[in-house]
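Here are my notebook entries from an afternoon with this model. Pull up the viewer and follow along.

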Amino acid sequence: MRTLNNICKMSLRFITNVLTKLLCQHQGSLDFKNLQKILQENYSCLEKVVSDVLSDSSRFVIIEGDEPSGNLIFSPDTLIVAKTSLRVCQSLPDQCEWCENLHLCRYFVCGDCKNGTKCRFSHNLDSLHNSEVLKRVDVMYLEEEELFQLLLQNDPYLLPEVCPHYNKGNGDHGSCRFKAACTNLHICRHFLQDDCKFRAECKRAHAFDAKSTKILSGKSLSSANIDIIYKIYKNKLLITHYKDKTVLKIPEKIMSMVKDRPKKTSTNLISEPDQNEICLYFILRRCHFRGNCARVHHHLPYKWQVLDRDGETWRDFPNGEDIERAYCDPANDKSDSGNQSVDFVSMTCQGLSVRRLSTVSSITRPPNFILTTEWHWYWKNEQGVWTEYGQLGDEKDEATITSRTLENVYTNSTENEIFLSNYKLHFKDMYEQNMRNNVKRTVRRRPRFVSAQEVENKLKRYITTILT
Ligand SMILES: [Zn+2]
Ligand SMILES: [Zn+2]
Ligand SMILES: [Zn+2]
Ligand SMILES: [Zn+2]
Ligand SMILES: [Zn+2]
């Protein structure tokens, strides 16, 4: 049993890894009651930390249960599913030199590659390319079997699809025109998702029949995997079903919301890149899109620009690093750069619009991604002193609100204002209001300062780790 002190020192990253491993050992998902039980028996994790970790929507999908949650952060029947952005490369072995995906035989992942040692696709997870890929998405601590479980429920390329046409219309084959010859699975998708309201009365198949099993073994799925195929598909459908929804994973107990913030683009891995986003891979010297990359190529994780008088051309400030240094101190209203001073509140310089391009927020990527932008949230007291949320010395009665919680809500929510504990936070006008005494305070969201030198050092370290 680990002590509370130790667990406090353990990083969120460590707990993310523990949880992923646990889920993969239990066929890819667990309900909160069982997960909680295993955690309590083996670790003394703080509830708050677990809820923070589970709010990482790039790693976990949470399907809220119906049972009363009592004192727990989630109701006991809430289902937690392991998610990953990791995929198997679809190119032939000699046709892809480098990509972000595993160079691995898909049948090997399915558990039963008939070609064995003669297979032209790689069966080697320890190759230089694969180790680098595993390190990047932070799953190198998973055993082979655990990793394959994770891939099977996440990578749509590995398993045959549930036929969407079979699931529409009437007749034995629904509206599928391939009928018995269809290579997709003819099975009720709601049965797989555990939400078929017709139950035994349903006209579609509620079991993997002989035909489905044949299709699956044709894809080299091992018999061990066929035994748990229902669970693999259930997880797979839940992950796909929930990927497009912006689901807030902050327990409702500490939060409820009011609507009206304008929609902004979601920031997950599958979304369209933001044109104002700086390409992480370019900084790491690994962007293979070159001139075709949809993101901005710049050697720093931030870039300050001013709009020309023509109203169209954005010009770089020559002293971007100095402006950034000033911006990172929440107490600064403007940069101290003579007549080129940038007003951070109105985001202007001599009446012209100013913008700050940025790499993605660190909370939208696994913790091992370097050079993402780490945002901190501050509030100002009556003496004009800025304090970061959740820091020691924070005089508030509620220490539960941290920079990370706020950043999570801000990035994942489309709301204009949210309620956290006893506070209302207004994201558009950037203030918080204490709901008990109505006191309003100014709030600022500023990044952690990263110098050009720090970028250089991180890059050197990164290059050494991927080569060793
Ligand atoms: Zn590839
Ligand atoms: Zn193979
Ligand atoms: Zn079909
Ligand atoms: Zn059904
Ligand atoms: Zn790029």
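**Entry 1: around Leu 125**

I began with Leu 125, which I found in the loop between α5 (106-110) and α6 (128-136). This is a predicted model, so I kept that in mind for every entry. Buried or exposed, I wondered about Leu 125? Its relative accessibility is 12%, and since buried means under 20%, Leu 125 counts as buried.

Next I looked up what surrounds Leu 125. Leaving aside neighbours within four places in sequence, I listed contacts with Leu 102, Leu 104, Asn 130, Ser 131, Leu 134, Glu 144, Leu 147 and Phe 148. I also checked one of those partners by distance: Leu 125 and Glu 144 are 19 residues apart in sequence, and their C-alpha atoms are 8.2 Å apart in space.

**Entry 2: the nonpolar cores**

Then I turned to the cores. The largest nonpolar core has 59 residues. Which residues have the most contacts inside it? I noted Leu 54, Leu 86, Leu 147, Leu 151 and Tyr 233. Helix α2 (residues 12-25) gives this core its largest share, six residues. Apart from this core I found another, of 31 residues, and among them are Leu 300, Trp 304, Tyr 327 and Leu 459.

I picked Leu 86 for a closer look. Not counting residues up to four places away in sequence, Leu 86 touches Leu 102, Val 133, Leu 134, Val 137, Val 139, Leu 147 and Leu 151.

**Entry 3: the zinc ion (ligand 1)**

On to the metals. Which protein donors does the zinc ion (ligand 1) have? I wrote down Cys 89 (SG), Cys 96 (SG), Cys 99 (SG) and His 103 (NE2), lying 2.1 to 2.3 Å from the ion. Along the chain these donor residues follow the spacing C-x6-C-x2-C-x3-H. The four donor atoms subtend angles of 100 to 117 degrees around the zinc ion (ligand 1), so the arrangement is tetrahedral. I looked up burial for two of the cysteines, and both Cys 89 and Cys 96 are buried.

**Entry 4: the zinc ion (ligand 4)**

I repeated the lookup for the zinc ion (ligand 4). Cys 188 (SG), Cys 196 (SG), Cys 202 (SG) and His 206 (NE2) coordinate this ion at 2.1 to 2.4 Å. The donor spacing in sequence reads C-x7-C-x5-C-x3-H. Why is this site called tetrahedral? The angles between its four donor atoms run from 99 to 119 degrees, which makes the arrangement tetrahedral; the cut-off asks that all angles lie between 85 and 135 degrees.

I compared burial for two of these donors. Cys 196 is buried, with a relative accessible area of 13%, whereas His 206 counts as partly exposed at 26% relative accessibility.

With this many cysteines written down, I searched the whole structure for disulfides and got zero. I looked at one more cysteine while I was there: Cys 113 counts as buried, at 15% relative accessibility.

**Entry 5: strands**

Strand β2 (residues 60-63) was next. Which way do its side chains point? I saw Phe 60 and Ile 62 pointing one way and Val 61 and Ile 63 the other way, and all are buried. That fits the general rule that side chains in a regular strand alternate between the two faces of the sheet. β2 pairs with strand β3 (residues 79-82) in the antiparallel sense, over four bridges. Ile 62 stands opposite Ile 80 in β3.

Further along I traced an open sheet of four strands, in the order β6-β5-β8-β7, with antiparallel pairing. β6 (314-316) and β7 (348-349) are at the edges with a single partner strand each, so one side of each has no neighbour in the sheet. Strand β5 (residues 302-307) and β6 pair over three antiparallel bridges, and Val 306 stands opposite Arg 315 in β6.

**Entry 6: backbone angles and a helix**

I flagged two residues for their phi. Met 347 is not a glycine, yet its phi is positive, about 50 degrees. Met 347 is in the loop between α13 (320-327) and β7, and counts as partly exposed at 23% relative accessibility. Gln 350 also has a positive phi, near 50 degrees, and its place is in the loop between β7 and β8 (352-358).

My last lookup was helix α14 (residues 403-412), which is mostly covered, with nine of its ten residues buried. Those buried residues include Leu 406, Glu 407 and Tyr 410.

Notes: Residues are numbered from 1 along each chain as its sequence is written. Chains are lettered from A and ligands numbered from 1 in the order in which they are written. This is a predicted model: local features need pLDDT of at least 70, side-chain atom pairs count only at pLDDT 80 or more; totals for chains, interfaces and linings use all residues. Side-chain values use heavy atoms; hydrogens and water are left out. A nonpolar core is a set of buried Ala, Val, Leu, Ile, Met, Phe, Trp, Tyr and Cys residues joined through side-chain atoms within 4.5 Å. Buried means under 20% relative accessible area, exposed over 50%, partly exposed in between (1.4 Å probe, protein chains only). Helices (H or I, at least four residues) and strands (E, at least two) are DSSP runs, numbered from the N terminus. Contact means heavy atoms within 4.5 Å. Two strands pair if DSSP finds at least two bridges between them. Donors are N, O and S atoms within 2.8 Å of the metal (3.2 Å for Na, K and Ca); water is not among the atoms, so sites may look incomplete. Four donors count as tetrahedral if all angles lie between 85 and 135 degrees; four count as square planar and six as octahedral if opposite donors are over 155 degrees apart and all others between 65 and 115; anything else is irregular. A disulfide is a pair of cysteine sulfur atoms within 2.5 Å.
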